[in-house]
Amino acid sequence: MTVSPSQKIVLGSGSPRRKQLMEGMGWEVKVIKSDVDETYPDDLVREQIPIYLAAKKAAAFADTIRDDEWLITADTIVWLEGEVLGKPVDRHEAEQMLAKLQGKTHQVFTGVCISNRGKSRCFSVCTDVRFHPLDPKMIADYVEHYRPFDKAGAYGAQEGLSPGFNPLSEEERQFLQEIHKTGLFESSLAVDPGMQVPIIRSLNGSYFNVMGLPLVELWKEWQAFSRT
């Protein structure tokens with residue numbers, strides 16, 4: 001099975017991880033960037049927030065996309081006990097976020113919008129992530145080494161796994177086998193063997209969702225939308 005679309009795909013995101021995942025899946029993508037105000041109404045919760053922001057980003061690019069192009073925008077949030085953890089502004093805030101997350105289970109929501117010819121299809125995916133108990137030194141070491149200031153919740157899944165731990169869901173494993181991209185998980189890892197900080201204890205759901213783009217669901221939704 002091949003998942004490389006014949007249509008032109010535009011990624012409305014400056015995230016190098018989303019670009020890496022889409023190209024790793026076999027898609028050729030053009031990246032466009034824009035500073036979009038990422039505020040949202042106070043009454044939104046959980047998956048409503050990233051869906052709203054992904055749609056907001058899509059609207060910002062609407063006038064620049066040609067009819068033969070498909071725009072993909074996305075937003076990811078970390079949700080912990082009713083609180084949204086966005087991107088930390090500095091080292092102190094990053095350490096505060098990780099201190100809140102340590103030893104607990106939280107949810108990662110990614111909202112995605114696929115747009116073409118003035119129409120959009122938006123969806124969201126949720127993954128449960130549980131952290132190991134972390135002491136202040138582990139937190140400080142992680143922040144110092146990986147500087148996660150561009151990541152929701154101040155961490156990246158690809159940076160926080162124990163050696164040999166493969167958290168791919170069964171659906172993700174099967175999907176990568178079908179598209180002959182079984183090495184995509186290994187190539188996604190950003191771990192320096194000399195400085196591993198295994199902060200993630202378990203992951204239930206899509207690993208790629210925690211990285212910022214749920215590939216299996218993106219492929220299914222794009223297939224369905226492109227046929228309408």
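A residue counts as exposed when its relative accessible area is over 50%, and as buried when that area is under 20%. The structure described here is a predicted model. By this cut-off, histidine 180 is exposed, because its relative accessibility is 62%. Histidine 180 sits in the loop between H5 and H6. Its phi is near 60 degrees, a positive value in a residue other than glycine. Most residues other than glycine have a negative phi.

Arginine 117 also has a positive phi, near 55 degrees, and is not a glycine. This residue is placed in the loop between S5 and strand S6 (119-131). With a relative accessible area of 57%, arginine 117 is exposed.

Strand S5 holds two further residues of interest. Asparagine 116 belongs to strand S5. Its relative accessibility is 7%, so asparagine 116 counts as buried. A polar atom of its side chain lies 3.1 Å from the backbone oxygen of aspartate 67. Beyond its neighbours within four places in sequence, asparagine 116 touches Asp67, Glu69, Trp70 and Phe225. Trp70 and Phe225 also appear in a cluster linked by ring pairs, together with Trp27, Trp219 and Trp222.

Histidine 106 lies in strand S5 as well, which spans residues 105-116. Histidine 106 is buried because its relative accessible area is 0%, and the limit for a buried residue is under 20%. The side chain of histidine 106 makes a polar contact of 2.6 Å with the side chain of tyrosine 155. Once neighbours within four places in sequence are set aside, the contacts of histidine 106 include Val78, Trp79, Leu80 and Leu101. Thr127, Asp128, Val129, Phe131 and Tyr155 are also among them.

Glycine 153 is found in the loop between H4 and helix H5 (170-178). Its relative accessible area is 0%, so glycine 153 is buried. Its C-alpha atom is separated by 8.5 Å from that of tryptophan 79, although the two residues are 74 residues apart along the chain. With neighbours within four places in sequence left aside, glycine 153 is in contact with Val78, Leu85, Gly86, Met97, Leu98 and Leu101. Val78 and Leu101 are among the contacts of histidine 106 too.

Aspartate 68 offers another view of sequence and space. The residue lies in the loop between helix H2 (48-61) and strand S3 (69-80). At 35% relative accessibility, aspartate 68 is partly exposed, because this value is neither under 20% nor over 50%. Its side chain makes a polar contact of 3.2 Å with the side chain of lysine 8. Aspartate 68 and leucine 176 are 108 residues apart in sequence, and their C-alpha atoms are 27 Å apart in space.

Aromatic rings were examined next. The whole structure contains eight aromatic pairs. In one of these, the ring centres of tyrosine 142 and tyrosine 146 are 5.2 Å apart, and their planes meet at 45 degrees, so the pair is tilted. Why are tyrosine 142 and tyrosine 146 separated by about one helical turn? The two residues are four residues apart in helix H4 (residues 136-146), which means a separation of about one helical turn. Tyrosine 142 and tyrosine 146 are both buried.

Phenylalanine 185 and tyrosine 207 form an edge-to-face pair, with 5.2 Å from centre to centre and 75 degrees between the planes. Phenylalanine 185 lies in helix H6 (residues 184-188), and tyrosine 207 lies in helix H7 (residues 207-211). The pair therefore ties together parts that are 22 residues apart in sequence. Phenylalanine 185 and tyrosine 207 are both buried.

Helix packing completes the account. Two packed helices are described by the angle between their axes and the distance between the axes. For helix H3 (residues 91-101) and H4, the angle is about 135 degrees and the axes are 10 Å apart. H3 and H4 are therefore oblique to each other. The crossing of H3 past H4 is right-handed. On the H3 side, the residues that meet H4 are Arg91, Ala94, Glu95, Leu98 and Ala99. On the H4 side, they are Ile139, Ala140, Tyr142, Val143 and Glu144. Leu98 of H3 is also one of the contacts of glycine 153. Tyr142 of H4 also belongs to the tilted ring pair with tyrosine 146.

Terms used:
Residues are numbered from 1 along each chain as its sequence is written. This is a predicted model: local features need pLDDT of at least 70, side-chain atom pairs count only at pLDDT 80 or more; totals for chains, interfaces and linings use all residues. Side-chain values use heavy atoms; hydrogens and water are left out. Buried means under 20% relative accessible area, exposed over 50%, partly exposed in between (1.4 Å probe, protein chains only). A polar contact is a pair of N or O atoms within 3.5 Å; within protein, one must be able to donate a hydrogen and the other to accept it, and residues adjacent in sequence count only if both atoms are side-chain atoms. Contact means heavy atoms within 4.5 Å. Rings of Phe, Tyr and Trp (its six-membered ring) pair if their centres lie within 6.5 Å; planes under 30 degrees apart count as stacked, over 60 as edge-to-face and the rest as tilted. Axes are lines fitted to C-alpha atoms, for helices over the stretch in contact, and angles run from 0 to 180 degrees between N-to-C directions. Angles under 35 degrees count as roughly parallel, over 145 as roughly antiparallel, 65 to 115 as roughly perpendicular and the rest as oblique. A crossing is left-handed if the near helix is turned anticlockwise from the far one by less than a right angle, and right-handed if clockwise.
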